[in-house]
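Hi there,

Here is the model I promised to pass on to you. Have a look at it first, and then read on for my notes.

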Amino acid sequence: MTAGVRQEPREADRPRTPRRPRLPTLLTLLVGFAGVGYRLALLLADAPPSNSDEATMGLAALHIARGDDFPVWFYGQAYMGTLEAYLAAPLVAVAGPSVLVLRLPTLVLYALFLLLSWRLTRRLGGDPWYALLVVAVLALGADRVVKDQLIAGGGYPELNPAGAALALLTVALCGNGPGARLPRWAAWGLVAGVLLWVDPLILPYVLTLGALLVAWRRRELAGRAGAVLGGALLLGVAPMVLDNLRHGRNPLTAVLAASGSGTAAGWAERWHGGLVVGPPLAMGFCSPGRCAPWQLWWAPVFLVLLLLAGYTAWRTLRRPVPPSTAERRVSAGVRLALLAGAAAVLAAYASSSAAGRTPLESSRYLSCLAVAVPALLWPLWQVARRLADVRSLRSGVAGVGAVVVLAGILGTGVSATVDAIRAVPAVHAEADRHRMLVDALGELGVRHARGGYWTCNRISFASGEDTVCAVVDDELRPGFDRLPGYRRAVAADPDAAWVAPDGSPLAARLDRQLGAEPGALRVITLPGWRIYLPRR
């Protein structure tokens, strides 16, 4: 009776259809790849513009690749670790010195930051659509943003991915989920230690997230976890500690001096540069080199969001919840720690003289505000989601306002990104002119030269030190040489050349020494540059 009857497989025996990624996840991948691809295109077009500080990090990478030197600090100072040089050294050893090779590790760091921010947003309770929003905001790339993320000038590209990693580890360590906890304690300590060596700007996040760990896991920290974390922290900060013991240097003193603590600046100037200009520049709402008045709308909104998001997280943290929803308290605690860290970063910057004296350039000190974006935008997203609740007029009005602010964030960021793209052709042309300069120096057999600060180390790095350059000021007096050996080598060469940008005060001063008699200078002109050679 059962002949010809096919037996149906049981439910457990049926082949499972692979689960397809949901639409917001696919869109997030697309946006993330677009953000990385945009930055790769910038690098291939020589943008953002390089400078002698980045070339100094490149020279450190070159020396590491050759085994000539293993610097702890950025040359010429006792702060800002050289992690970027060590990351780029293997590439420089294989491909030779170039700005592109130097920046490839920073591009990877940015991609890691996007991934970690997406994961952090999800772990903090954000739904896939909110994670998409966070990635979209971080994928935009205005002038100041891409400079901080891609230029290997010391410290800034590492801060954001490391800060996001610390926050993710804090979520895991404060939660009740299973897993090997000691490796996570070790990872937290190592990342924090390396960060403190590389750039102390991240210290507020280390302190606030560390305070949360102490509040949540003090018993664990009193045992093996504390020993593991402390040991890993010492390992990460070891380069700084060993250098301090060897040379008696104090990085904190050097950082305070560099921030302009000894230079007078009025409090009104500091607060304007720190609280009005700083947040729009740092978060990517401004055009290259300036902030138009309409782009400053983000400054008051940022401060309001910082307070609102902090209050929301605090309320959630204080509200009693059953053990089954304890993860909500962990998420609220980490959000509050991130917001407190961002507030401390902003307060420290707004109280420094750098904020008042050079707000456009010094806003790079606020680049790590991006770490707090998953927590900062959370109240806006929560209110915007209630827009569908037509039963409450108040919820509808608030939801419309939240949507308008979110649209303003994306719209202003897109506008600033477009402005940055428009500046790329001019940046690429300047890079081409600099390559022509380096090639010309090589063809002329120039081994030693003198030039301005923003000229010299670019030449030394781009030529692979085939031409080394000593710094002079506009009156031909010795300037600030980050590598003193260059000055000694140039001083010993009677045929050392001079290099100056066309139309610069230095070029005007050197033009006075042109002549046909021995000891005078002759000039070779290139697009954008002038090379002066001594007559013999």
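Met 80 is buried in this predicted model, with a relative accessible area of 12%. That value is under the 20% cut-off, so Met 80 counts as buried. Its place is in the loop between H2 and helix H3, the latter spanning 83–95. The backbone of Met 80 also deserves a look: phi is near 75°, a positive value in a residue other than glycine.

Asp 46 shows a positive phi too, of about 70°, although Asp 46 is not a glycine. You will find Asp 46 in the loop between H1 and H2. Pro 48 has its place in the loop between helix H1 (23–44) and H2, and the peptide bond that leads from Ala 47 to Pro 48 is cis, with omega near -5°.

Now for the chain as a whole. The secondary structure comes to 24 helices and five strands. Of the 536 residues in the chain, 51% are buried. Among contacts with a separation of 6 or more, 71% are between residues 24 or more positions apart.

Next, a residue in helix H2, which covers residues 52–66: His 63. Is His 63 buried or exposed? His 63 is buried, with a relative accessible area of 8%. Leaving aside neighbours within four places in sequence, His 63 is in contact with Asp 68, Asp 69 and Tyr 75, and also with Glu 465, Leu 483 and Tyr 486. If you would like a distance to check on screen, the C-alpha atoms of His 63 and Ala 93 are 9.6 Å apart, with the two positions 30 residues apart in sequence numbering.

Helix H22 (residues 453–462) holds two residues that I would like to show you, and Thr 455 is one of them. Thr 455 is buried, at a relative accessible area of 5%. Beyond its neighbours within four places in sequence, Thr 455 is in contact with Ser 52, Val 499, Pro 501 and Trp 529.

Asn 457 is found in H22 as well. Asn 457 is buried, with a relative accessible area of 6%. Which residues does Asn 457 contact, leaving aside its neighbours within four places in sequence? They are Ser 52, Ala 55, Thr 56 and Leu 59, together with Arg 482, Leu 483 and Tyr 486. Ser 52 thus appears in the contacts of Thr 455 and in those of Asn 457. Likewise, Leu 483 and Tyr 486 are in contact with His 63 and with Asn 457. For another pair to check, Asn 457 and Val 468 are eleven residues apart in sequence and 7.7 Å apart in space, C-alpha to C-alpha.

On to a helix pair. The axes of H13 (residues 267–282) and H14 (residues 298–318) come within 8 Å and cross at roughly 90°. Crossing angles of 65 to 115 degrees count as roughly perpendicular, and H13 and H14 are therefore roughly perpendicular to each other. On the H13 side, the residues that meet H14 are Leu 275, Val 276, Pro 279 and Pro 280; on the H14 side, they are Trp 298, Ala 299 and Phe 302. By class, this contact has seven nonpolar residues, no polar ones and no charged ones.

Two of those H14 residues, Trp 298 and Phe 302, turn up again among the aromatics, where ring pairs link Phe 285, Trp 297, Trp 298 and Phe 302 into a cluster. A search of the whole structure finds ten aromatic pairs. One of these is Trp 297 with Trp 298, an edge-to-face pair at 5.9 Å centre to centre, with 80° between the planes. How exposed are these two residues? Trp 298 is buried, with a relative accessible area of 1%, whereas Trp 297 is partly exposed, at 24%.

Finally, there are two arginines to show you over rings. The charged end of Arg 270 sits over the ring of Trp 267, 4.5 Å from its centre. Arg 39 lies over the face of Tyr 110, at 3.9 Å from the ring centre.

Happy browsing, and best wishes!

Key
Residues are numbered from 1 along each chain as its sequence is written. This is a predicted model: local features need pLDDT of at least 70, side-chain atom pairs count only at pLDDT 80 or more; totals for chains, interfaces and linings use all residues. Side-chain values use heavy atoms; hydrogens and water are left out. Axes are lines fitted to C-alpha atoms, for helices over the stretch in contact, and angles run from 0 to 180 degrees between N-to-C directions. Helices (H or I, at least four residues) and strands (E, at least two) are DSSP runs, numbered from the N terminus. Angles under 35 degrees count as roughly parallel, over 145 as roughly antiparallel, 65 to 115 as roughly perpendicular and the rest as oblique. Contact means heavy atoms within 4.5 Å. Ala, Val, Leu, Ile, Met, Phe, Trp, Tyr, Cys and Pro count as nonpolar, Asp, Glu, Lys and Arg as charged, and the others, Gly among them, as polar. Rings of Phe, Tyr and Trp (its six-membered ring) pair if their centres lie within 6.5 Å; planes under 30 degrees apart count as stacked, over 60 as edge-to-face and the rest as tilted. Buried means under 20% relative accessible area, exposed over 50%, partly exposed in between (1.4 Å probe, protein chains only). A charge sits over a ring if NZ of Lys or CZ of Arg is within 6 Å of the ring centre and within 35 degrees of the ring normal.
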